[in-house]
Amino acid sequence: MAEYKLSNFNFKLPKEQIAQYPEKHRDESRLLVLHKDTGEIEHKQFKEILEYFGKDDLFVLNNTRVFPAKLVGNKEKTNAMIDVFLLRELNEPMLWDVLVDPARKIRIGNKLFFGENDGLVAEVVDNTTSRGRILKFAYDGTYDEFKEALFSLGETPLPDYIHRPVEPEDEDRYQTIYATEEGAVVVPAAGLHFSRELIKRFELKDIRFTSLTLHTSRVMYDEIDVDDLSKYKMGSERMIINQETCDTINKAVEQKKRIVAVGTSVAKALETAVSMDGFVKPYDGWSSKFIFPEYHYGLQNAMVTNFHMPYSWLLMLVAAFGGYDKVMKAYTTAVKEGYRFGQYGDAMLIL
């Protein structure tokens, strides 16, 4: 059995191939199709994905919804500008886990002000990591009004490799059309290619959909700091798979239909919840599952994914599914053919 190290997941990616904007039409991005048994590669447009599937094949979607997580605050007294990135709301109302930058200026007891005179104020009540803080917001009003006020001050949390200001269009485009469950700060990007028209065409072919929830977090961007992958400790993300979704997936398993993970987050969630017998059980908790070659998948037999960055664990998860050599060869081809990488980039289908 081969032992794969971090250094095995590097490749040359020209900066100009990291997508800064999405395609105008969701389903018109490019699609590289990799047949993992033969290594054959095809070049298509995303809407042609329909050709590969038929009646009762099942696409599993991640219905998490991105919230406007990036804010700018001012520190009391000094008025210094502080970037604040909302990570998640904690169990107590108006208590948030956040990242701050520059962190050295922000200590417990400091107050931050957001927005104009009638904006929001928050106090730093704890440190979590070198950049992590817990903020307690103060607000005179209902909880729903607070959330509305908070999110009105925030902007779309585009990844750091998109080197441009957030634009109004990002609010819609950095969100899948089926996003319903608020809680993500990173879009499950494989889902960005699905348009309403395309989903309608899927339904006309009796291809099925079901949804789970995995709140994609900054864990998606975490750098792996060990060359020996078996020593890497993955951060955890909140996930929920209900009974109805399990029943739909398990029926597809019994009928030996194609089960397609739309994105790395869905692949990770399914592998977190699958039992030894190959069926899925309901799940409500956290997942820190780290998938890399030679991991053996227990459930899905096709995957839709975007093209990921060098050294990323997302690439490792995909390589474990499609086979290391075949996936890395597909990436070399994608670079050569001018495919667009990253969350606003093109897609890959592994069959």
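**Exercise 1. Helices H5 and H6**

Find the handedness with which H5 passes H6 in this predicted model, then list who makes the contact.

*Solution.* Start with the handedness: H5 passes H6 in a left-handed crossing. Next, pick out the residues. On the H5 side you'll find Thr264, Ala267 and Lys268, and they meet Trp313, Leu314, Leu317 and Val318 of H6. Now the geometry: H5 covers residues 264–273, and its axis comes within 10 Å of the H6 axis, with a crossing at roughly 65 degrees.

**Exercise 2. Helices H6 and H7**

Work out whether H6 and H7 count as roughly parallel, roughly perpendicular, roughly antiparallel or oblique to each other.

*Solution.* Get the angle first. The axes of H6 (residues 313–322) and H7 cross at roughly 120 degrees and come within 6 Å. Then check the bins: roughly perpendicular runs from 65 to 115, and roughly antiparallel needs over 145. That leaves one label, so H6 and H7 are oblique to each other. As for handedness, H6 passes H7 in a right-handed crossing. The contact is built from Leu315, Val318, Ala319 and Gly322 on H6, with Tyr324, Lys326, Val327, Met328 and Tyr331 on H7.

**Exercise 3. Aromatic rings**

Take the pair Phe11 and Phe341: classify it, and say which parts of the chain it ties together.

*Solution.* For context, the structure holds 28 aromatic pairs. In this one, the ring centres are 5.8 Å apart and the planes make 35 degrees, which puts the pair in the tilted class. Now place the partners. Phe11 belongs to the segment before strand S1 (30–34), while Phe341 sits in the loop between helix H7 (324–336) and strand S17 (347–350), so the pair ties together parts that are 330 residues apart in sequence. Both phenylalanines, Phe11 and Phe341, are buried.

Elsewhere, ring pairs join Phe46, Phe53, Phe59, Phe194, Phe202 and Phe209 into a cluster.

**Exercise 4. Charges over rings**

Which rings have Lys36 and Arg218 over them?

*Solution.* Take the lysine first: Lys36 lies over the face of Phe321, 4.7 Å from the ring centre. Then the arginine: the charged end of Arg218 sits over the Phe85 ring, at 4.5 Å from its centre.

**Exercise 5. Three residues, buried or not**

Sort Asn63, Asp27 and Gly141 into buried, exposed or partly exposed, and describe where each one sits.

*Solution.* Go residue by residue.

- Asn63 is in the loop between strand S3 (58–62) and strand S4 (64–66). Its relative accessible area is 11%; buried means under 20%, so Asn63 makes the cut. Once residues up to four places away in sequence are set aside, Asn63 touches Tyr178, Ala179, Thr180, Glu181, Ser211, Leu212 and Thr213.
- Asp27 is in the segment before S1. With 9% relative accessibility, Asp27 is buried too. Beyond its neighbours within four places in sequence, Asp27 contacts Gln45, Phe46, Lys47, His193, Ser195 and Leu198. One of these, Phe46, also turned up in the ring cluster of Exercise 3. Asp27 and Glu48 are 21 residues apart in sequence, and their C-alpha atoms are 8.8 Å apart.
- Gly141 is in the loop between strand S10 (132–138) and helix H1 (143–153). Its relative accessibility is 38%, so Gly141 counts as partly exposed. Its C-alpha is 41 Å from that of Ala19, a residue 122 places away along the chain.

Methods: Residues are numbered from 1 along each chain as its sequence is written. This is a predicted model: local features need pLDDT of at least 70, side-chain atom pairs count only at pLDDT 80 or more; totals for chains, interfaces and linings use all residues. Side-chain values use heavy atoms; hydrogens and water are left out. Rings of Phe, Tyr and Trp (its six-membered ring) pair if their centres lie within 6.5 Å; planes under 30 degrees apart count as stacked, over 60 as edge-to-face and the rest as tilted. Helices (H or I, at least four residues) and strands (E, at least two) are DSSP runs, numbered from the N terminus. Buried means under 20% relative accessible area, exposed over 50%, partly exposed in between (1.4 Å probe, protein chains only). A charge sits over a ring if NZ of Lys or CZ of Arg is within 6 Å of the ring centre and within 35 degrees of the ring normal. Axes are lines fitted to C-alpha atoms, for helices over the stretch in contact, and angles run from 0 to 180 degrees between N-to-C directions. Angles under 35 degrees count as roughly parallel, over 145 as roughly antiparallel, 65 to 115 as roughly perpendicular and the rest as oblique. A crossing is left-handed if the near helix is turned anticlockwise from the far one by less than a right angle, and right-handed if clockwise. Contact means heavy atoms within 4.5 Å.
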